[in-house]
Amino acid sequence: MPPVIDKEKCIKCGACARICSMYVFAPTKQGQISEPIYWRECWYCRACVMDCPVGAITMRYPLPMMMLAVKSSKKDSVNSFPHRFYLV
(Lines give C-alpha, C1' and ligand atoms only; values in the text may rest on other atoms or scores of the structure.)
Protein backbone atom coordinates (compact mmCIF):
# COMPACT_ATOMS: atom_id res chain seq x y z
CA MET A 1 0.00 0.00 0.00
CA PRO A 2 1.78 3.13 -1.14
CA PRO A 3 1.66 6.61 0.33
CA VAL A 4 -1.00 8.59 -1.52
CA ILE A 5 -0.18 12.03 -2.92
CA ASP A 6 -3.07 14.42 -3.47
CA LYS A 7 -2.16 15.92 -6.83
CA GLU A 8 -4.38 18.96 -6.20
CA LYS A 9 -2.57 19.90 -2.97
CA CYS A 10 0.97 18.94 -4.06
CA ILE A 11 3.26 21.91 -4.75
CA LYS A 12 5.90 19.68 -6.42
CA CYS A 13 8.66 20.57 -3.98
CA GLY A 14 10.15 17.04 -3.79
CA ALA A 15 10.40 17.05 0.02
CA CYS A 16 8.85 13.58 0.21
CA ALA A 17 11.48 12.07 -2.09
CA ARG A 18 14.32 13.78 -0.21
CA ILE A 19 13.18 12.71 3.29
CA CYS A 20 12.40 9.07 2.42
CA SER A 21 15.21 6.83 3.64
CA MET A 22 13.86 3.83 1.72
CA TYR A 23 13.74 5.61 -1.68
CA VAL A 24 10.04 4.82 -2.11
CA PHE A 25 9.52 7.81 -4.40
CA ALA A 26 10.88 7.99 -7.94
CA PRO A 27 13.57 10.58 -8.54
CA THR A 28 11.97 13.68 -9.98
CA LYS A 29 13.02 16.90 -11.60
CA GLN A 30 12.00 20.25 -10.16
CA GLY A 31 8.33 20.88 -10.87
CA GLN A 32 7.25 17.22 -11.08
CA ILE A 33 5.07 15.30 -8.66
CA SER A 34 6.93 12.49 -6.90
CA GLU A 35 5.40 9.09 -7.53
CA PRO A 36 5.75 6.18 -5.08
CA ILE A 37 7.18 3.49 -7.35
CA TYR A 38 9.03 1.34 -4.80
CA TRP A 39 6.14 1.30 -2.35
CA ARG A 40 6.82 -2.25 -1.20
CA GLU A 41 9.97 -0.88 0.44
CA CYS A 42 7.96 1.57 2.58
CA TRP A 43 8.37 1.18 6.36
CA TYR A 44 5.34 3.42 7.06
CA CYS A 45 7.45 5.74 9.19
CA ARG A 46 5.32 8.74 8.09
CA ALA A 47 8.41 10.91 7.49
CA CYS A 48 7.04 11.97 4.11
CA VAL A 49 3.64 12.81 5.66
CA MET A 50 5.20 14.91 8.42
CA ASP A 51 7.68 16.65 6.09
CA CYS A 52 5.16 17.65 3.41
CA PRO A 53 4.66 21.42 3.80
CA VAL A 54 1.07 21.37 2.51
CA GLY A 55 -0.19 18.04 3.89
CA ALA A 56 -0.62 16.46 0.48
CA ILE A 57 0.42 12.93 1.55
CA THR A 58 -1.66 10.35 3.38
CA MET A 59 -0.70 6.80 4.28
CA ARG A 60 -2.59 3.66 3.38
CA TYR A 61 -1.72 0.92 5.85
CA PRO A 62 -1.82 -2.81 5.08
CA LEU A 63 -4.55 -4.67 6.93
CA PRO A 64 -2.17 -6.54 9.29
CA MET A 65 -0.73 -3.22 10.47
CA MET A 66 -4.20 -1.75 10.96
CA MET A 67 -5.24 -4.70 13.10
CA LEU A 68 -2.25 -4.22 15.42
CA ALA A 69 -2.61 -0.45 15.83
CA VAL A 70 -4.56 1.16 18.63
CA LYS A 71 -5.05 4.89 18.76
CA SER A 72 -3.64 6.26 21.98
CA SER A 73 -5.30 8.95 24.05
CA LYS A 74 -2.09 9.59 26.03
CA LYS A 75 -0.68 13.07 25.94
CA ASP A 76 2.78 13.32 27.46
CA SER A 77 5.98 15.17 26.63
CA VAL A 78 7.52 12.28 24.68
CA ASN A 79 4.52 11.20 22.61
CA SER A 80 2.61 14.43 22.21
CA PHE A 81 1.92 13.94 18.48
CA PRO A 82 -1.90 13.49 18.41
CA HIS A 83 -1.95 10.73 15.77
CA ARG A 84 0.61 8.38 17.26
CA PHE A 85 -0.22 4.70 17.18
CA TYR A 86 1.08 2.00 19.49
CA LEU A 87 1.38 -1.70 18.78
CA VAL A 88 -0.39 -3.95 21.25
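Leaving aside its neighbours within four places in sequence, which residues is Ile5 in contact with? In this predicted model, the partners of Ile5 are Cys10, Phe25, Ile33, Ser34, Pro36, Ala56 and Ile57, once the neighbours within four places in sequence are set aside. Ile5 also belongs to the largest nonpolar core, a set of 15 residues in which Ile5, Phe25, Cys48, Ile57 and Met59 have the most contacts. In soluble globular proteins, nonpolar side chains tend to be buried together.

Before following these contacts further, it helps to set out the chain as a whole. The protein chain contains 3 helices and 4 strands, and along the sequence these elements follow the pattern β-α-α-β-α-β-β. Of its 88 residues, 28% count as buried, while the accessible surface of the chain comes to about 6,500 Å², with 61% of that area belonging to carbon and sulfur atoms. Among contacts between residues at least 6 apart in sequence, 41% join residues at least 24 apart.

One of the partners of Ile5, Ser34, is placed in the loop between helix H1 (15–19) and helix H2 (47–51). Ser34 has a relative accessible area of 2%, and therefore counts as buried, the limit for that class being under 20%. Beyond its neighbours within four places in sequence, Ser34 is in contact with Ile5, Gly14, Cys16, Ala17, Phe25 and Thr28. Phe25 thus appears among the partners of Ser34 as well as among those of Ile5, and Phe25 is also one of the residues with the most contacts inside the largest nonpolar core.

The loop between H1 and H2 also holds Cys42, which is buried, with a relative accessible area of 14%. Cys42 and Val24 are 18 residues apart along the chain, yet their C-alpha atoms are separated by 6.1 Å. With neighbours within four places in sequence left aside, Cys42 is in contact with Pro3, Val24 and Met59, and Met59 is another of the residues with the most contacts inside the largest nonpolar core.

The next step leads from these buried positions to a charged pair. The count of salt bridges comes to 1, and the partners are Lys7 and Glu35, whose closest N and O atoms are 2.9 Å apart. Because Lys7 lies in the loop between E1 and H1 and Glu35 in the loop between H1 and H2, the pair ties together parts that are 28 residues apart in sequence. Both partners fall in the partly exposed class: the relative accessible area of Lys7 is 47%, and that of Glu35 is 34%.

Two backbone positions remain to be considered. Most residues other than glycine have a negative phi. Lys12, although it is not a glycine, has a positive phi of about 60°; it lies in the loop between strand E1 (4–5) and H1, and its relative accessibility of 33% makes it partly exposed. Tyr23 likewise has a positive phi, near 55°, in a residue other than glycine. The place of Tyr23 is in the loop between H1 and H2, where its relative accessibility of 61% means that it counts as exposed. That loop therefore contains the exposed Tyr23 together with the buried Ser34 and the buried Cys42.

Conventions. Residues are numbered from 1 along each chain as its sequence is written. This is a predicted model: local features need pLDDT of at least 70, side-chain atom pairs count only at pLDDT 80 or more; totals for chains, interfaces and linings use all residues. Side-chain values use heavy atoms; hydrogens and water are left out. A nonpolar core is a set of buried Ala, Val, Leu, Ile, Met, Phe, Trp, Tyr and Cys residues joined through side-chain atoms within 4.5 Å. Buried means under 20% relative accessible area, exposed over 50%, partly exposed in between (1.4 Å probe, protein chains only). Contact means heavy atoms within 4.5 Å. Helices (H or I, at least four residues) and strands (E, at least two) are DSSP runs, numbered from the N terminus. A salt bridge is a side-chain nitrogen of Lys or Arg within 4 Å of a carboxyl oxygen of Asp or Glu. Accessible areas come from the Shrake-Rupley method with a 1.4 Å probe; for residues, only the protein chains shown count as cover.
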